[in-house]
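User: Please take a close look at one part of the structure below, beginning with side chains of opposite charge. Please then set that part in the context of the rest of the chain.

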Amino acid sequence: DGNSFANFWLGTPQNNINNIFVDSQNNKWFSTTEGVTIFDAQNSSSEFNTSNSFLSANNVRSSVRDQNGNVWITTIGGRLNKYKPPR
């Protein structure tokens, strides 16, 4: 609300945030050592990791959305993942 902070826990206490980006729909993409967490504009979250998706590794370094709406996700070890969000 611009007047206070809100705390959100992502994964376990050992989890580290490597990168954050906000896309054109105001989704916040958090690249972490335990996968990817996405908060939508209403702050509902979704988590993706190797146990619930085709993500190649849990230690995610960065992510970015291209002009076609695809999200490119990089992981430790040089792996590149492509995620096509539902429309």
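Analyst: The side chains of arginine 65 and aspartate 23 form a salt bridge, with 3.1 Å from N to O. The term denotes a side-chain nitrogen of Lys or Arg within 4 Å of a carboxyl oxygen of Asp or Glu. This pair joins distant parts of the chain, since arginine 65 belongs to strand β5 and aspartate 23 to the loop between β1 and β2, with their positions 42 residues apart. Side chains of opposite charge can pair when their charged atoms come close. The structure holds one salt bridge.

The model is predicted, so local features need pLDDT of at least 70 and side-chain atom pairs count only at pLDDT 80 or more, while totals for chains, interfaces and linings use all residues. Residues are numbered from 1 along each chain as its sequence is written, and side-chain values use heavy atoms, with hydrogens and water left out.

Arginine 65 and aspartate 23 are both buried; buried means under 20% relative accessible area, exposed over 50%, and partly exposed in between, for a 1.4 Å probe and protein chains only. The loop that holds aspartate 23 also contains asparagine 26. Asparagine 26 has a positive phi near 65°, although this residue is not glycine. With a relative accessibility of 36%, asparagine 26 is classed as partly exposed.

The strand names used here follow DSSP runs numbered from the N terminus: strands (E) have at least two residues, and helices (H or I) at least four. On the arginine side, strand β5 belongs to an open antiparallel sheet of three strands in the order β5-β6-β7. Its edge strands are β5 (60-65) and β7 (80-83), each of which pairs on one side only; two strands pair if DSSP finds at least two bridges between them. From one strand to the next, the twist of this sheet averages 20°, where axes are lines fitted to C-alpha atoms (for helices over the stretch in contact) and angles run from 0 to 180 degrees between N-to-C directions. Strands of a sheet pair through backbone hydrogen bonds, either parallel or antiparallel.

Strand β5 is joined to the antiparallel strand β6 (residues 71-75) by five bridges. Across this pairing, valine 60 has threonine 75 as its bridge partner, and serine 62 stands opposite threonine 74. Five residues separate the two strands in the hairpin of β5 and β6, where glycine 69 adopts a positive phi near 95°. Threonine 74 is partly exposed at 30% relative accessible area. Apart from residues up to four places away in sequence, threonine 74 touches Val60, Arg61, Ser62, Arg79 and Leu80; contact means heavy atoms within 4.5 Å.

On the aspartate side, the loop follows β1 in an open antiparallel sheet of four strands, ordered β1-β2-β3-β4. The edge strands here are β1 (17-22) and β4 (45-48), each pairing on one side only. The average twist between successive strands is 15°. Within this sheet, β2 (residues 28-32) and β3 (residues 35-39) are antiparallel partners over five bridges, and serine 31 stands opposite valine 36 of β3. Asparagine 43, in the loop between β3 and β4, also has a positive phi, of about 65°, without being a glycine. Asparagine 43 is partly exposed, at 39% relative accessibility.

The segment before β1 includes asparagine 15, which is buried at 13% relative accessible area. Its side chain makes a polar contact of 3.0 Å with the side chain of threonine 33. A polar contact is a pair of N or O atoms within 3.5 Å; within protein, one must be able to donate a hydrogen and the other to accept it, and residues adjacent in sequence count only if both atoms are side-chain atoms.

Finally, the largest nonpolar core has eight residues: Phe21, Trp29, Val36, Ile38, Leu55, Val60, Val71 and Ile73. Such a core is a set of buried Ala, Val, Leu, Ile, Met, Phe, Trp, Tyr and Cys residues joined through side-chain atoms within 4.5 Å. Strands β3 and β6 are the elements that give two or more residues to this core. Beyond its neighbours within four places in sequence, leucine 55 contacts Gly35, Val36, Phe48, Asn49, Thr50, Val60, Ile73 and Asn81.
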